[in-house]
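Welcome! Take a moment to look over the sequence and the model, and then we can walk through them together.

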Amino acid sequence: MKNKQFTIDEQALLEDIMLHRRDIRGNNFLGKPISDEAIKKILHAASLAPSVGFSQPWEFVIIRDDKIKKQVYENFVVENKKAQAIFSNKQQEMYKQLKLEGILEAPINIAVFYKPSDTPVLGQNTMLETGEYSVVCAVQNMWLMSRAMNIGLGWVSILNPESVKKILKSPADNKLVAYLCIGYVEEFFSIPELEKLKWKKKKQINSVVYSNEYPEAISNT
Ligand SMILES: Cc1cc2nc3c(=O)[nH]c(=O)nc-3n(C[C@H](O)[C@H](O)[C@H](O)COP(=O)(O)O)c2cc1C
């Protein structure tokens, strides 16, 4: 074989990193600073992601300034209050107890943007969202590389993207895809917090896999 072949042990290592990746929220972040080298490594992982037509349509804003974090956090507070309302009364009680971000606690926040191309992109003509999907691939690379470096990452989506764009002075055409909180952690939980708190159950993979086509009972076409 000419190209690099991975061993069973290396496959197991990748699986282990995936298995132990967790979403990290406020109370779990330590104040310990993150070096520029570490951030560089996480961004390099982002740059290795696949992208539609190799468009690499991502841009990153690295936020260390507490004043900017505070403005984003204030937007979270507003949006989180609205978000509660979509749940049943019983769920709202639980929702109020959840800590769903770590904007102020994490030493580094990274806003990840999709920058649309101003020239045609190979493969992005029928499924326009593939540009944003590419940015999500970059985020996942960042998440896994952070975990491999024993650094926690939390994704905050309870934000008004237009408000965050304004705070960060983003170009109008850019779309906010992810707002990430990054830092060393007290603990990586062994299972997702939302699973532990019984907010949602883990799906078994065979309950979401079909053979050849959707069965009659499910298909509504
Ligand atoms: C697109 C996306 C948006 C998310 N937004 C939030 C969020 O706003 N707040 C939060 O606490 N977790 C957020 N999460 C994390 C999920 O809640 C978490 O991934 C899920 O509960 C499984 O837990 P785990 O990542 O620890 O395995 C988000 C995850 C994704 C992929």
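A residue counts as buried if 20 or more other C-beta atoms lie within 10 Å of its own, as exposed if 12 or fewer do, and as partly exposed in between. Keep in mind that this is a predicted model.

Q: Is Phe 60 buried, exposed or partly exposed?
A: Phe 60 is found in strand E1. It has 19 C-beta neighbours inside 10 Å, and being buried takes 20 or more. Phe 60 therefore counts as partly exposed.

Q: How far apart are the C-alpha atoms of Phe 60 and Val 112?
A: Leaving aside neighbours within four places in sequence, Phe 60 is in contact with Leu 43, Ile 110 and Val 112. Along the chain, Phe 60 and Val 112 are 52 residues apart. In space, their C-alpha atoms are separated by 4.7 Å.

Q: In what order do the elements of the protein run from the N terminus on?
A: The protein has seven helices and four strands. Write α for a helix and β for a strand, and start from the N terminus. The order is then α-α-β-α-α-β-α-β-α-β-α.

Q: What share of the residues of the protein count as buried?
A: Along its principal axes, the C-alpha trace spans about 50 × 40 × 40 Å. The protein has 221 residues. Of these, the share that count as buried is 25%.

Q: How is helix H1 oriented to helix H5: roughly perpendicular or roughly parallel?
A: The axes of H1 (residues 8-20) and H5 (residues 130-148) come within 9 Å and cross at roughly 100 degrees. Angles of 65 to 115 degrees count as roughly perpendicular. That makes H1, relative to H5, roughly perpendicular.

Q: Which residues in H5 do Ile 17, Met 18 and His 20 meet?
A: By class, the contact of H1 with H5 has four nonpolar, one polar and one charged residues. Ile 17, Met 18 and His 20 belong to H1. In H5 they meet Leu 144, Arg 147 and Ala 148.

Q: What span should the 19 residues of H5 have, at 1.5 Å a residue?
A: The expected span is 1.5 Å times one less than the number of residues. The end C-alpha atoms of H5 are 27 Å apart, which agrees with the expected value. That expected span is 27 Å.

Q: Is Pro 50 buried or exposed?
A: Pro 50 lies in the loop between helix H2 (36-47) and strand E1 (58-63). Apart from residues up to four places away in sequence, Pro 50 touches Ser 134 and Cys 137. With 11 C-beta neighbours inside 10 Å, Pro 50 counts as exposed.

Q: What is the phi of Gln 56 near?
A: Gln 56 lies in the loop between H2 and E1. Most residues other than glycine have a negative phi. Gln 56 has a positive value instead, near 45 degrees.

Q: Is Lys 169 buried or exposed?
A: Lys 169 is in the loop between helix H6 (161-167) and E4. Its phi is positive, near 55 degrees. With 8 C-beta neighbours inside 10 Å, Lys 169 counts as exposed.

Q: How many charged residues are in the shell around the ligand?
A: The residues around the ligand include Arg 22, Asp 23, Arg 25 and Glu 101. The shell also has six nonpolar residues and one polar residue. Its number of charged residues is four.

Notes. Residues are numbered from 1 along each chain as its sequence is written. This is a predicted model: local features need pLDDT of at least 70, side-chain atom pairs count only at pLDDT 80 or more; totals for chains, interfaces and linings use all residues. Axes are lines fitted to C-alpha atoms, for helices over the stretch in contact, and angles run from 0 to 180 degrees between N-to-C directions. Helices (H or I, at least four residues) and strands (E, at least two) are DSSP runs, numbered from the N terminus. Angles under 35 degrees count as roughly parallel, over 145 as roughly antiparallel, 65 to 115 as roughly perpendicular and the rest as oblique. Two residues are in contact if their C-beta atoms, placed from the backbone, lie within 7 Å. Ala, Val, Leu, Ile, Met, Phe, Trp, Tyr, Cys and Pro count as nonpolar, Asp, Glu, Lys and Arg as charged, and the others, Gly among them, as polar. A residue is near a molecule or strand if its C-beta atom, placed from the backbone, lies within 6 Å of it.
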